[in-house]
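Thanks for asking me to look this one over. My comments are set out as numbered points, so you can follow them with the viewer open.

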Amino acid sequence: MWELRSASFWRAIFAEFFATLFYVFFGLGASLRWAPGPLHVLQVALAFGLALATLVQTVGHISGAHVNPAVTFAFLVGSQMSLLRAFCYMAAQLLGAVAGAAVLYSVTPPAFRGNLALNTLHAGVSVGQATTVEIFLTLQFVLCIFATYDKRRNGHLGSVALAVGFSLSLGHLFGVYYTGAGMNPARSFAPAILTRNFTNHWVYWVGPIIGGGLGSLLYDFLLFPRLKSVSERLSILKGARPSDSNGQPEGTGEPVELKTQAL
């Protein structure tokens with residue numbers, strides 16, 4: 001439990017709360033309908049992508065800028081963070097998302113709040129199809145995060161923040177038409193709890209969690225395996241001090257190297 005006595009640990013928890021609040025505030029805000037007509041999907045995709053890119057640049061060196069329970073779960077599956085840190089990250093993300101949605105609700109005129117950009121299935125899309133789409137959307141997103149955050153790479157291609165932001169935008173450009181592009185249980189949970197509408201809400205948890213877990217397994221055990229023993233992985237999950245294990249937990253509050261050259 002040494003992490004609970006660490007100031008950097010609590011700064012990372014606050015960073016996740018703060019970052020998720022802003023992510024939800026700007027992302028949902030850009031998804032509201034202020035005029036009649038179809039939703040501008042490109043606007044929504046860019047808003048979420050740019051919001052995340054900005055936050056990766058802002059708090060990536062503090063908490064890793066997960067801003068997403070599915071991403072945190074992926075790092076947990078890859079034995080890159082402790083169970084305690086993962087639980088605290090997820091709690092902070094959910095609280096931050098609700099706080100961000102609540103602020104957006106309070107500053108938006110009632111006539112334009114609508115369902116607060118609640119994720120819903122498109123007409124004709126079954127829950128099975130929707131879950132599969134969410135799995136694939138989150139899978140590509142987590143793979144991008146793992147690849148860009150990986151300190152073992154000899155060289156990074158372009159900006160980490162922009163790469164992650166573009167990956168998220170890609171998911172929205174495709175997923176909005178099917179599920180509204182959840183990809184993040186905290187983002188889906190916030191408007192659901194404020195509007196008290198949990199219809200098919202489980203899809204936005206099951207899909208991203210499965211996608212995140214698969215992305216972690218695929219990258220860490222197949223594409224670019226991490227050579228850690230079972231004892232080392234268990235040590236990290238239990239929250240052993242970095243000096244007590246041969247491998248430093250990555251992506252869990254460790255500084256993210258943010259390259260700035262153009263993509």
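The points below go through helices, buried polar residues, salt bridges, backbone angles and a surface patch.

1. A word on the source. This is a predicted model, so please read every distance and area here as computed from predicted coordinates, with side-chain atom pairs counted only at pLDDT 80 or more.

2. Helix α7. Residues 160-175 form this helix of 16 residues. From first C-alpha to last, α7 reaches 23 Å, close to the 22 Å expected at 1.5 Å a residue. At its start, a side-chain oxygen of S159 comes to within 3.4 Å of the backbone nitrogen of A161.

3. What surrounds α7. The buried residues of this helix are V160, A161, A163, V164, G165, S167, L168, S169, G171, H172 and G175. Their cover includes α1 (7-31), α2 (41-63) and α6 (127-149). If you colour the model by helix, those are good elements to show alongside α7.

4. S216 in helix α9. Which residue far along the chain has its C-alpha 5.2 Å from that of S216? It is A74, 142 residues apart from S216 in sequence. S216 sits in helix α9 and has a relative accessible area of 0%, so it counts as buried. Beyond its neighbours within four places in sequence, S216 is in contact with A74, V77, G78, V142, F146 and F221. The S216 side chain also reaches the backbone nitrogen of G78, at 3.1 Å.

5. T72 in helix α3. T72 belongs to α3, and its relative accessibility of 0% is why it counts as buried. With neighbours within four places left aside, the contacts of T72 are H66, M81, A86, Y89, M90 and Q93.

6. S188 in helix α8. Is S188, a residue of α8 (residues 185-195), buried or exposed? Its relative accessible area is 1%, so S188 is buried. Setting aside neighbours within four places in sequence, S188 is in contact with L118, N119, G182, H201 and Y204.

7. Salt bridge E3 to R85. The structure holds 3 salt bridges. One of them joins the side chains of E3 and R85, at 3.2 Å from N to O. This pair links distant parts of the chain: E3 is in the segment before α1 and R85 is in helix α4 (residues 83-107), 82 residues apart. Both E3 and R85 are buried.

8. The other salt bridges. R152 and D150 meet through their side chains at 2.7 Å, N to O. The burial of these partners can be read from their areas: R152 has a relative accessible area of 27% and is therefore partly exposed, while D150, at 0%, counts as buried. D220 and R226 also form a salt bridge, again with an N to O distance of 2.7 Å. D220 and R226 are both buried. As general background, side chains of opposite charge can pair when their charged atoms come close.

9. Positive phi angles. If you check backbone torsions, have a look at V67 and L116. V67 has a positive phi of about 55° although it is not a glycine. V67 lies in the loop between α2 and α3 (69-77) and is buried, with a relative accessible area of 1%. L116, also a residue other than glycine, has a positive phi near 60°. L116 lies in the loop between α5 (110-113) and α6. Its relative accessible area is 1%, so L116 is buried.

10. A nonpolar surface patch. Which residues make the nonpolar patch of about 580 Å² on the surface? They are V127, W202, V206, I210, L214, L217 and F221. Helix α9 (residues 203-223) gives the largest share, 5 residues. V127 comes from helix α6. Patch residues need over 30% relative accessible area, and V127 has 32%, which makes it partly exposed. Helix α9 thus offers two things to view together: the patch residues and S216, which is buried.

Terms used. Residues numbered from 1 in each chain as written. Predicted model: local features only at pLDDT ≥ 70, side-chain atom pairs only at ≥ 80, totals over all residues. Heavy atoms only, no water. Helix = DSSP H or I, 4+ residues; strand = E, 2+ residues; numbered from the N terminus. Expected span 1.5 Å × (residues − 1). Buried < 20%, exposed > 50% of the residue type's maximum accessible area, 1.4 Å probe, protein only. Contact = heavy atoms within 4.5 Å. Polar contact = N/O pair within 3.5 Å; in protein donor to acceptor, adjacent residues only side chain to side chain. Patch = residues over 30% accessible without salt bridge, like charges linked within 9 Å, V, L, I, M, F, W, Y side chains within 5 Å. Areas by Shrake-Rupley, 256 points an atom, 1.4 Å probe, with all protein chains shown as cover. Salt bridge = Lys/Arg side-chain N within 4 Å of Asp/Glu carboxyl O.
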